[in-house]
Structures are given as C-alpha cells and as structure tokens.
Amino acid sequence: MGIRPAAPVGVCYGIVADNLPPASNAVKLLKSNGISNIRLFNTDPDTLKPFSGTGIQLMIGVPNEVLPSLATGTVNTSLDWLQSNILAYVPSNQVRYIAVGNEVFLKDPFYTPYVLPSIVSLYQALQILGLADKIKLSSPHAASVLSSSSPPSTGTFDPYIRAVMIPYLQYLEDHELPFLLNVYPYISYINDKEHIPLEYALFGSGTKVQDGGLTYTNLFDASIDAFSWAMEREGFGRVTVVVAETGWPRAGGDAATPENALAYNGNVTSRALKSVGTPKRPGVGVEVYVFDLFDENLKSGDEYEKHFGIFGHDGAKAYDISFN
C-alpha cells in the first residue's frame, strides 16, 4: 500500500482589524512557513493583489450582501463580478474555491433564497471562462444546520432548512462540488461542558464515544461524520466534506490558552497531512482551513473571537505549530 497523499491544509486570513501588517508581509509570512492554501473572506483588492503570482491557492469569499445581485442578475452579472473582483487581481490558476456567502442558512436567513441561484449563475460564468472544472463553488455552513449530531450516525439536517438544503446538496453532488463546513469544537465545549469533556474536544485519549461499530476519540471527527451521515440520510453520500474554518482561541475565554490552541490546531493539521480521515471515512484525509492567521481586534461578540491568531503581527508564531 502506497503512502496516502496529504489532504491540503490552509489558514483563514481574516481582516476585521485595524492593526494588521500589510498583506504583502502576510504573504511573505505564509511562504516562509510553507503555507500554500489560504481562505479569504472577501475580495478586498489590497489583500488579494499581493497573492498574485505567488502560487498560493485561494478560497475566496463572496460576501452575503452580494448574493441578491448575483442571484437575480444574468450570467453576465456573474461574469462581470468574477472579472472585476477576483480575476482582475489574481490569476485563475490560484483560485481553488469560491465560497458563496458564509453561514447563511439559519444564521443570516434573509440571504438563504439567494445562495443556490448565485452558485448556479457563477458556475455558468465559470463555464463560459472554461474554469468550471478548475474552480469549485460551494457555500460554507455552520455546524448548527444539523438538528441532531450526537452520536454522529444520528446526523440530521434541521427540518426548518430542509427545503433549501436538499436542492443545494443535489447541485453539489451533480457537479462534484464539496460541502464546506465551519466547525468549532471549542464553541461546542464552552456551551455544553457538562456533556463534552475538554480532552474530547482537544484530541485527548481518555474519552471514547461508541457509535455502533465506530469509535470516536474526538469531537472534530464526530462533527464531520455527523455531516457525512446527514448527507447520506438524504441520499447524497458521495459529497465530500471540506472544513472551511476551524480553530481554537489562545485567550479571552474559558480553556482558551496557547497550549490548548496548539493541541487542537496541531492535531487538526497533522491528521490532514497524514490523511488519517475519520472513523466513517478512514484514510480519506479531510482538507482543512485553520482560523486565524492573525488576531482580529475589531471582531464583535465574545472576547475570545478576537484571539484566534496563530501568528503575531511581527510574524512570530504564537505557539509551535507546523504546516508541513
């Protein structure tokens, strides 16, 4: 048996801050650390331009507020948007994914009806450009779109969004597009400490959860497999899961320490690089994007939201993690 190819490991590069180094510095930092995949949450030109010609592969976000115009416009609307917001700044061979909206279903429901029509229109635009096979479209979802996830084999989509989720999954399967998932065992842990041991969230070895013939030793695997089961339950078992966002904060909350952030993010990345897979799909490495490149001091919400940065603004690692 040959060595399994590593699943891609990337980093999310959020810019909700007023004190970040220039994007050109960030690109140098990424290259010096061997990070070759990045998720950007929007098409900010000053952030995009320095990536051009670097070979770094990008997941680029379409902001939720752009979806209505893409969904209700013509294919030319989508073509114009792609050309002027993405392809004007980076070559197409560096664009791996376009993330159409972010956590829309349930969390930003005004935009729900626009997600699939936007994807369809962008796909048609990519077809015209001859890029539909090279650039993958999908929309990242929060783990909360499942109404049941524990044990993983009970994974079920929330009935409230099933009417939009089923045609969405059908489109993904028909076009061989991945399901993008944002998953945060940290948030699950702090919201349900009574039932989730910290070390189960941190890939410790003490807790085992039995689910039929499968044994789970961490919440990350359990969360991903719950989605695999949920899709299988609806008849879409061939759709793969890509983790578009996951991470653990270093400060600002309970159990938010550099040690725990290293334990979590280090395990997530090393398991992808070794293509460990999950109990339901062993040996099938899970592509993952770790949040966040830097702290984001203008993030709203709980204090810990501002402290996911893996690197300081001076380029020093906050803890000793390796990406290759």
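Me: Before anything else, which residues count as positive and which as negative here?
Reply: Lys and Arg count as positive, and Asp and Glu as negative. His and the chain ends are not counted. The model is predicted, by the way.

Me: OK, so how many charges of each sign does the protein chain have?
Reply: There are 22 positive and 32 negative charges.

Me: And how far apart are their mean positions?
Reply: They lie 7 Å apart.

Me: New topic. What secondary structure does the chain have?
Reply: Ten helices and 13 strands.

Me: Why call the protein chain as compact as a globular protein of that length?
Reply: Its radius of gyration is 19 Å, and the globule rule gives 20 Å for 324 residues. Those values are close, so the chain is as compact as a globular protein of that length.

Me: What box do the C-alpha atoms fill?
Reply: Roughly 55 × 50 × 45 Å, along the principal axes.

Me: What share of the residues is buried?
Reply: 51% of the 324 residues count as buried.

Me: Now the largest nonpolar core. Which residues touch the most other members?
Reply: Phe51, Phe157 and Phe179 do, in a core of 105 residues.

Me: Which helix gives the largest share of that core?
Reply: Helix 9, residues 219-233, with eight residues.

Me: Back to Phe157. What does it touch, leaving out residues up to four places away in sequence?
Reply: Its contacts include Phe179, Met165, Leu169 and Val145. Phe227, Ala230 and Met231 are also among them.

Me: What about contacts between residues at least 6 apart in sequence; what share joins residues at least 24 apart?
Reply: 71% of them.

Terms used: Residues numbered from 1 in each chain as written. Predicted model: local features only at pLDDT ≥ 70, side-chain atom pairs only at ≥ 80, totals over all residues. Heavy atoms only, no water. Helix = DSSP H or I, 4+ residues; strand = E, 2+ residues; numbered from the N terminus. Rg over C-alpha atoms; globule rule 2.2 N^0.38 Å. Buried < 20%, exposed > 50% of the residue type's maximum accessible area, 1.4 Å probe, protein only. Contact = heavy atoms within 4.5 Å. Charge placed at Lys NZ, Arg CZ, Asp CG, Glu CD. Core = buried A, V, L, I, M, F, W, Y, C linked by side-chain atoms within 4.5 Å.
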